[in-house]
Amino acid sequence: MTETEEIKRAEDAKYILEHPLFVEALSEIRKGLINGLETSAMGDERTHNRLAIALQLLKQIEVSLKSHIQTGELALILGPYRDWETDR
């Protein structure tokens with residue numbers, strides 16, 4: 001992926017992560033999953049496992065978007081140095 005593409009993806013990821021609808025959706029989903037854990041029967045391991053996996057997946061979405069942001073920020077920082085390395 002080119003530096004320009006990495007930077008564009010970072011901008012897009014930041015837009016998504018900071019968009020009020022996305023923030024609200026993540027919050028509502030997280031609350032619903034936690035509520036499901038709190039209200040499910042104590043011995044219902046199957047439901048507990050599924051809800052825990054869903055919470056982990058929700059977190060991974062955030063982590064993935066943050067990773068794109070960090071990659072783009074790094075591309076901005078290292079951009080001039082990349083050119084220097086290829087010119088040598």
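Me: In this predicted model, how many residues does helix α2 have, and what end-to-end reach goes with them?
Reply: Helix α2 runs over residues 20–39. At 1.5 Å a residue, the expected reach is 28 Å, and the model comes close to that. So the count and the first-to-last C-alpha reach are 20 residues and 28 Å.

Me: Which residues of α2 are buried, and what arc do they cover around the axis?
Reply: Buried here is under 20% relative accessible area. In α2 that picks out Leu 26, Leu 33 and Gly 36. They sit on the same side of α2, because around the axis they cover an arc of only 95°.

Me: And which exposed residues does α2 carry on the face turned away from its buried side?
Reply: Exposed takes over 50% relative accessible area. On the face of α2 turned away from the buried side, the residues that qualify are Pro 20, Leu 21, Lys 31, Glu 38 and Thr 39.

Me: Stepping back, what pattern does the protein chain follow along the sequence?
Reply: The protein chain has three helices and zero strands. Read along the sequence, that gives α-α-α.

Me: How much of the chain is buried?
Reply: The protein chain has 88 residues. Its exposed surface is about 6800 Å², with 58% of that supplied by carbon and sulfur atoms. As for the buried residues, their share of the chain is 19%.

Me: What share of the contacts with a separation of 6 or more comes from residues 24 or more positions apart?
Reply: Contact here means heavy atoms within 4.5 Å. Take the contacts in the protein chain with a separation of 6 or more, and the part due to residues 24 or more positions apart is 66%.

Me: Now α1: which of its residues are buried, and within what arc do they fall?
Reply: α1 has 16 residues and reaches 22 Å from first C-alpha to last, close to the 22 Å expected. Its buried residues are Glu 6, Ile 7, Ala 10, Ala 13 and Leu 17. They line one face of the helix, because seen down the axis they fall within an arc of 125°.

Me: Which exposed residues are on the face of α1 turned away from its buried side?
Reply: Same cut-off as for α2: exposed means over 50% relative accessible area. On the face of α1 turned away from the buried side, that leaves Thr 4 and Tyr 15.

Me: Where does the salt bridge between Lys 8 and Asp 12 lie, and how far apart are the closest N and O atoms?
Reply: Both residues lie in helix α1 (residues 3–18), four residues apart, about one turn of the helix. Lys 8 is partly exposed at 44% relative accessible area, and Asp 12 is partly exposed too, at 33%. Their closest N and O atoms are apart by 2.8 Å.

Me: The structure holds two salt bridges, so which residue does Arg 30 pair with?
Reply: Side chains of opposite charge can pair when their charged atoms come close. For Arg 30, the closest N and O atoms of the bridge are 2.5 Å apart. The partner is Glu 62.

Me: How far apart in sequence are the parts tied together by Arg 30 and Glu 62?
Reply: The bridge is the one with closest N and O atoms 2.5 Å apart. Arg 30 is in helix α2 and Glu 62 in helix α3, so the pair ties together parts separated in sequence by 32 residues.

Me: Is Glu 62 buried or exposed?
Reply: Its bridge partner, Arg 30, counts as partly exposed at 27% relative accessibility. Glu 62 lies in helix α3 and touches Leu 17, Leu 26 and Arg 30, leaving aside residues up to four places away in sequence. Its relative accessible area is 12%, and the cut-off is 20%, so Glu 62 is buried.

Me: Which residues does Leu 37 touch?
Reply: Leu 37 is in helix α2 and is partly exposed, with 30% relative accessible area. Its C-alpha is 9.6 Å from that of Arg 50, 13 residues apart along the chain. Not counting residues up to four places away in sequence, Leu 37 touches His 48, Leu 51 and Leu 55.

Me: Which residues make the nonpolar surface patch of about 380 Å²?
Reply: One of them, Leu 76, is found in helix α3 (residues 45–87). Leu 76 is exposed, with a relative accessible area of 53%. The full set is Leu 74, Leu 76, Ile 77 and Leu 78.

Technical notes: Residues numbered from 1 in each chain as written. Predicted model: local features only at pLDDT ≥ 70, side-chain atom pairs only at ≥ 80, totals over all residues. Heavy atoms only, no water. Patch = residues over 30% accessible without salt bridge, like charges linked within 9 Å, V, L, I, M, F, W, Y side chains within 5 Å. Areas by Shrake-Rupley, 256 points an atom, 1.4 Å probe, with all protein chains shown as cover. Salt bridge = Lys/Arg side-chain N within 4 Å of Asp/Glu carboxyl O. Helix = DSSP H or I, 4+ residues; strand = E, 2+ residues; numbered from the N terminus. Buried < 20%, exposed > 50% of the residue type's maximum accessible area, 1.4 Å probe, protein only. Expected span 1.5 Å × (residues − 1). Arc of directions from axis to C-beta.
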